[in-house]
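Colleague: Could you walk me through this model and tell me how each label was earned? I would like to see the reasoning behind the words.

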Amino acid sequence: MEAGGVADSVLSGACVLFTLGMFSTGLSDLRHMQRTRSVDSIQFLPFLTTDVNNLGWLSYGVLKGDGTLIIVNAVGAVLQTLYILAYLHYSPQKHAVLLQTAALLGVLLLGYGYFWLLVPDLEARLQQLGLFCSVFTISMYLSPLADLAKIIQTKSTQRLSFSLTIATLLSSTSWSIYGFRLRDPYITVPNLPGILTSLIRLGLFCKYPPEHDRKYHRLLQT
């Protein structure tokens, strides 16, 4: 096997490994829901938006014939669906959860209808679907920035998950390089904000380490 082929295989494996590691951080939330039989302190929307994002990239991977995209996003969609079902099972507000799920799935179905029925040209469909997935992924990576002001104000990183931050940094970096190797800007560009936001969160962990976080909360209680 040529050196380029080996490098591509290693890079593809890194994308799969790091991304599935990022998705599996939700297993701790799943165990919490099962142990407490509640959804206290667990947000539902990230599960839902990540599931829709996985389904979008899965379609892009199928259309492009990219096995790495297909494997990662198929497994990711299954995991996120599992988290959603668990949340629905333990949530006391099932009606609101179902409404949110139906609304976002409705948007997804409309998107599928547009891309697969109204855009017959395969190359145009690939470009438009790639653009849609890119914009959606960028919005997902940038949305947590709204919490940064609260974190800086309270000098507490309690809202942040260190393991998820590391997994996101590794995943985003590997996908950016993967997209660069494929000369696919729809893969490269949306993962750059993931690298940026992960570095910002790591900076916050350095500035407000867990030890400081505990001391701060003890001071608030006295």
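Modeller: Gladly. Let me begin with a definition: a cavity is a set of grid points where a 1.4 Å probe fits but cannot get out, and lining residues have an atom within 4 Å of a point. Please keep in mind that this is a predicted model.

Colleague: Which helix gives the largest share of the lining of the largest cavity?

Modeller: That is H5, with five residues. The lining is made up of Gly 56, Val 107, Leu 108, Gly 111, Tyr 112, Phe 115, Leu 129 and Phe 132. H5 and helix H6 (122–142) each bring at least two residues to it. The volume of this cavity is about 50 Å³, and the structure holds one cavity of 30 Å³ or more.

Colleague: What makes Arg 181 and Asp 8 a salt bridge?

Modeller: The cut-off is a side-chain nitrogen of Lys or Arg within 4 Å of a carboxyl oxygen of Asp or Glu. For Arg 181 and Asp 8 the N to O distance is 2.7 Å, so the pair qualifies. Arg 181 sits in helix H8 (residues 162–182) and Asp 8 in helix H1 (residues 3–24), 173 residues apart, so this pair links distant parts of the chain. Arg 181 counts as partly exposed at 41% relative accessibility, and Asp 8 counts as partly exposed at 35%.

Colleague: How many salt bridges does a search of the whole structure find?

Modeller: Two. Lys 64 also forms one, with Asp 184, where the closest N and O atoms are 3.1 Å apart. Lys 64 belongs to helix H3 and Asp 184 to the loop between H8 and helix H9 (185–207), so parts 120 residues apart in sequence are tied together.

Colleague: Why is Asp 184 called buried?

Modeller: Buried means under 20% relative accessible area. Asp 184 has 4%, so the word applies. Its partner Lys 64 has 31%, and because partly exposed runs between 20% and 50%, that is the label for Lys 64.

Colleague: How do you know whether Asn 53 and Thr 101 are buried or exposed?

Modeller: By the same 20% cut-off. Asn 53, in helix H3 (residues 45–64), has 11% relative accessibility and therefore counts as buried. Its contacts, leaving out residues up to four places away in sequence, are Asn 73, Cys 133, Phe 136, Thr 137 and Met 140. Thr 101 lies in helix H5, and its value of 14% is under the cut-off, so Thr 101 is buried. With residues up to four places away again left out, Thr 101 touches Phe 44 and Leu 48.

Colleague: What makes the nonpolar surface patch, and which residues are in it?

Modeller: Tyr 114, Trp 116, Leu 117 and Leu 118 make it, covering about 460 Å². A patch residue needs over 30% relative accessible area. Trp 116 has 34%, so Trp 116 passes that cut-off while counting as partly exposed. Leu 117 has 69%, and because exposed means over 50%, Leu 117 is exposed.

Colleague: Where are Trp 116 and Leu 117 found?

Modeller: Trp 116 lies in helix H5, and Leu 117 is found in H5 (residues 94–118) too. Trp 116 touches Ser 59, Leu 63 and Arg 125, not counting residues up to four places away in sequence. From Trp 116 to Leu 129 the C-alpha atoms are 9.8 Å apart, with their positions 13 residues apart in sequence.

Technical notes. Residues are numbered from 1 along each chain as its sequence is written. This is a predicted model: local features need pLDDT of at least 70, side-chain atom pairs count only at pLDDT 80 or more; totals for chains, interfaces and linings use all residues. Side-chain values use heavy atoms; hydrogens and water are left out. Patches are made of residues with over 30% relative accessible area and no salt bridge: like charges are joined within 9 Å, nonpolar side chains (Val, Leu, Ile, Met, Phe, Trp, Tyr) within 5 Å. Accessible areas come from the Shrake-Rupley method with a 1.4 Å probe; for residues, only the protein chains shown count as cover. Helices (H or I, at least four residues) and strands (E, at least two) are DSSP runs, numbered from the N terminus. Buried means under 20% relative accessible area, exposed over 50%, partly exposed in between (1.4 Å probe, protein chains only). Contact means heavy atoms within 4.5 Å. On a 1 Å grid over the protein atoms alone, a cavity is a set of points where a 1.4 Å probe fits but cannot get out, and a pocket is an open set with protein on both sides within 12 Å along at least five of seven lines; lining residues have an atom within 4 Å of a point. Grid points are joined across faces, edges and corners, and a volume is the space filled by probe spheres set on the points.
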